[in-house]
Amino acid sequence: MSIFNLIVALGSFSHKDSSNERDLIKRIKAGDTKALEELYDLYKSLLFGMIISIVKKQEEAEDLLQEVFMKIWEKAYSFDEERGNVYSWIVTLTRNKAIDRIRSKGFKTQKKASNTVNEPDFFLEGDKFDPLETTIFSDRSELVKKALEEIPEKQSEVIKIAYYGGMTQSEISEHLDIPLGTVKTRTRQGLIKLKNILEDHISQHG
Amino acid sequence: MDENNNHTDRFAELCAGYVLNALKPDERAEFEDMLTSADEEQKELYQKLRSTSSNLAFNTNRAEPPKEVKEHLLQVIDQDMADQQLDEDENSKNFDPAKFAIATSFALLLVTLSLVFYSFNLSSQLQTTNKELAQKEQTITELEQRIEQKNEMLAILEARDVDMVVMQGMEASPQGYGKVIWDSKQQRALLQVSNLPPVPTDKEYQLWIIKNNKPISAGLFSVTDPDRDTFFKIEQIASADEQSTNAFAVTLEPKGGMPKPTGDMYLMGNMEN
């Protein structure tokens with residue numbers, strides 16, 4: 001199983017695509033809707049969780065998730081699966097789409113939802129997940145969670161707000177009522193520490 | 001050195017914000033600009049921070065989307081595929097063989113008509129040319145005949161012994177004149193006339209030998225074009241001889257000639273001896 005292999009072989013710092021993911025992209029390029037369905041099943045909960053944490057609205061999130069997969073369907077031809085990383089592509093695509101949405105004018109005029117990071121308005125998790133998928137994601141999730149705990153809270157805080165909340169550094173500065181320069185410094189220091197921890201972990205376990 | 005450090009710090013700072021997509025548009029542009037001239041170390045930092053950032057996604061609280069999202073997605077994609085198929089069909093419709101055949105037929109018809117018209121033109125041109133050629137041939141034949149006549153006439157003049165009688169215009173044509181040059185040995189003569197009026201279609205000029213005061217027909221000739229019809233060859237003029245011939249005369253007679261002169265006399269000349 002692709003994701004399983006990936007987690008087992010955390011030999012590389014970055015997520016390495018399994019041959020399965022690359023095959024899925026190849027099949028999608030060839031117009032195989034079954035492949036898109038498989039990819040959807042593999043990524044749906046991760047991506048939907050990401051989107052919800054950023055847009056915080058169920059309908060908006062559902063709409064965005066569909067848009068993301070439409071985009072994957074349409075843009076797969078331009079993706080070089082031999083060179084690019086499927087996971088990074090999909091995750092970045094999803095996150096940027098969600099961020100674009102909340103930064104759009106129409107969205108901003110709507111009443112701002114709760115800014116509480118990591119606490120979406122609703123949370124659906126449970127036995128609906130594929131057990132293996134859940135395990136794999138949990139392992140990886142655990143690793144990142146631990147890494148975030150290892151770095152100073154003030155640094156992890158700005159990173160979490162930026163990544164999971166989709167806020168700009170200026171918005172974070174306003175939100176936390178701290179100078180913009182401080183936000184920038186904490187982000188830089190925190191992310192570099194996070195990188196080092198993940199690298200260390202991988203060198204120990206790889 | 002400080003400047004270098006500042007630059008490196010600035011790069012790392014923007015880089016961290018960039019991979020989190022947390023920069024303002026102007027900062028994003030600034031970083032993308034820096035990235036194009038980044039050194040290897042900076043590029044490596046960017047790659048690693050980007051990986052770190054995408055790993056953060058694993059810590060997202062997962063959420064199960066309603067199954068309707070998948071159903072709707074697949075519906076939209078099926079529709080998309082169907083539309084594409086439709087587009088392809090429409091495209092192939094554009095290459096409808098029947099339409100293509102009609103267009104081709106029309107083009108061929110045009111070409112054929114052009115060719116027919118062209119060949120028609122060519123053929124009428126050919127006809128005209130053939131006609132002209134025939135006319136030229138006729139002209140050549142006429143000229144050849146004329147040359148032959150002239151040659152025959154010259155042959156008369158070339159004879160060793162020729163006699164000549166000069167004829168003067170009579171009442172009917174005071175301006176007219178003519179000559180008869182004859183070769184008595186070969187029994188032929190050459191008649192030259194000038195200023196004789198053209199003859200009506202039912203008449204001809206008749207040359208007479210006045211022998212022993214009796215006119216004897218020596219031949220018929222017509223003048224239709226006074227400028228051209230000036231020389232005539234008279235065959236079998238055996239009866240003319242120096243001794244008995246007194247004169248030559250030309251009268252206008254009914255076509256075919258008469259046994260004796262009946263019409264007006266146009267030319268007349270006496271033998272000198």
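In the predicted model, B:Gln168 stands opposite B:Met268 of S8(B). The two strands concerned are S1 (residues 163–169) and S8 (residues 265–270) of chain B, which pair in the antiparallel sense over two bridges. They belong to an open sheet of eight strands. Its order is S5-S4-S7-S8-S1-S2-S3-S6 (chain B), and the pairing is antiparallel. S5 and strand S6 (231–235) of chain B form the edges, each pairing on one side only. From one strand to the next, the twist averages 25°. In general, the strands of a sheet pair through backbone hydrogen bonds, in either a parallel or an antiparallel manner.

At the S5 edge, strand S4 (residues 203–211) of chain B runs antiparallel to strand S5 (residues 214–221) of chain B. Seven bridges join S4(B) to S5(B). Within this pair, B:Leu207 has B:Gly219 of S5(B) as its bridge partner. S4(B) and S5(B) form a hairpin, with two residues between them. B:Asn212, in the turn, has a positive phi of about 50°. B:Asn213 lies in the loop between S4 and S5 of chain B. Its phi is also positive, about 65°, although B:Asn213 is not a glycine. Most residues other than glycine have a negative phi. B:Asn213 counts as exposed because it has 7 C-beta neighbours inside 10 Å, and the cut-off for exposure is 12 or fewer.

A further positive phi occurs in the helical part of chain B. B:Asn21 has a phi near 55°, a positive value in a residue other than glycine. This residue is found in the loop between helix H1 (2–19) and helix H2 (25–36) of chain B. B:Asn21 is buried, because 20 other C-beta atoms lie within 10 Å, and burial requires 20 or more.

Chain B as a whole has five helices and eight strands. Along the sequence the pattern is α-α-α-α-α-β-β-β-β-β-β-β-β. The chain has 273 residues, of which 25% are buried. Among contacts in chain B with a separation of 6 or more, 57% are between residues 24 or more positions apart. Helix H3 (residues 40–55) of chain B has 16 residues. From its first C-alpha to its last, H3(B) reaches 23 Å, close to the 22 Å expected at 1.5 Å a residue. Its buried residues are B:Leu45, B:Tyr46, B:Lys48, B:Leu49, B:Thr52, B:Ser53, B:Ser54 and B:Asn55.

In chain A, helix H4 (residues 58–75) has 18 residues. H4(A) reaches 25 Å from first C-alpha to last, close to the expected 26 Å. Buried residues of H4(A) include A:Ala61, A:Leu64 and A:Leu65. These three residues also appear among the contacts of A:Ile51, once neighbours within four places in sequence are left aside. The other contacts of A:Ile51, on that basis, are A:Thr94 and A:Ala98. The remaining buried residues of H4(A) are A:Gln66, A:Val68, A:Phe69, A:Ile72 and A:Trp73.

The largest nonpolar core has 69 residues. Those with the most contacts inside this core are A:Ile51, A:Leu65, A:Ala162 and B:Cys15. H3(A) gives the most to the core, with 13 residues. A second, separate core has 24 residues, among them B:Val165, B:Tyr205, B:Ile234 and B:Leu267.

An exposed position is also found in helix H3 (residues 33–55) of chain A, where A:Lys34 has its place. A:Lys34 is exposed because 11 other C-beta atoms lie within 10 Å, and the limit for exposure is 12. A:Lys34 and A:Leu24 are 10 residues apart in sequence. Their C-alpha atoms are 9.0 Å apart in space.

The contact between the chains takes 57 residues from chain A and 36 residues from chain B. On the chain A side, H3, H4, helix H5 (86–103), helix H7 (131–150), helix H8 (153–165), helix H9 (169–176) and helix H10 (180–205) each supply at least two residues. H3(A) provides the largest share of this side, 12 residues. By class, the side of chain A that touches chain B has 29 nonpolar, 17 polar and 11 charged residues.

Note on methods:
Residues numbered from 1 in each chain as written. Chains lettered and ligands numbered in written order. Predicted model: local features only at pLDDT ≥ 70, side-chain atom pairs only at ≥ 80, totals over all residues. Pairing = 2+ DSSP bridges. Helix = DSSP H or I, 4+ residues; strand = E, 2+ residues; numbered from the N terminus. Expected span 1.5 Å × (residues − 1). Core = buried A, V, L, I, M, F, W, Y, C linked by C-beta atoms within 7 Å. Contact = placed C-beta atoms within 7 Å. Nonpolar A, V, L, I, M, F, W, Y, C, P; charged D, E, K, R; others polar. Axes fitted to C-alpha atoms, helices over the stretch in contact; angles between N-to-C directions.
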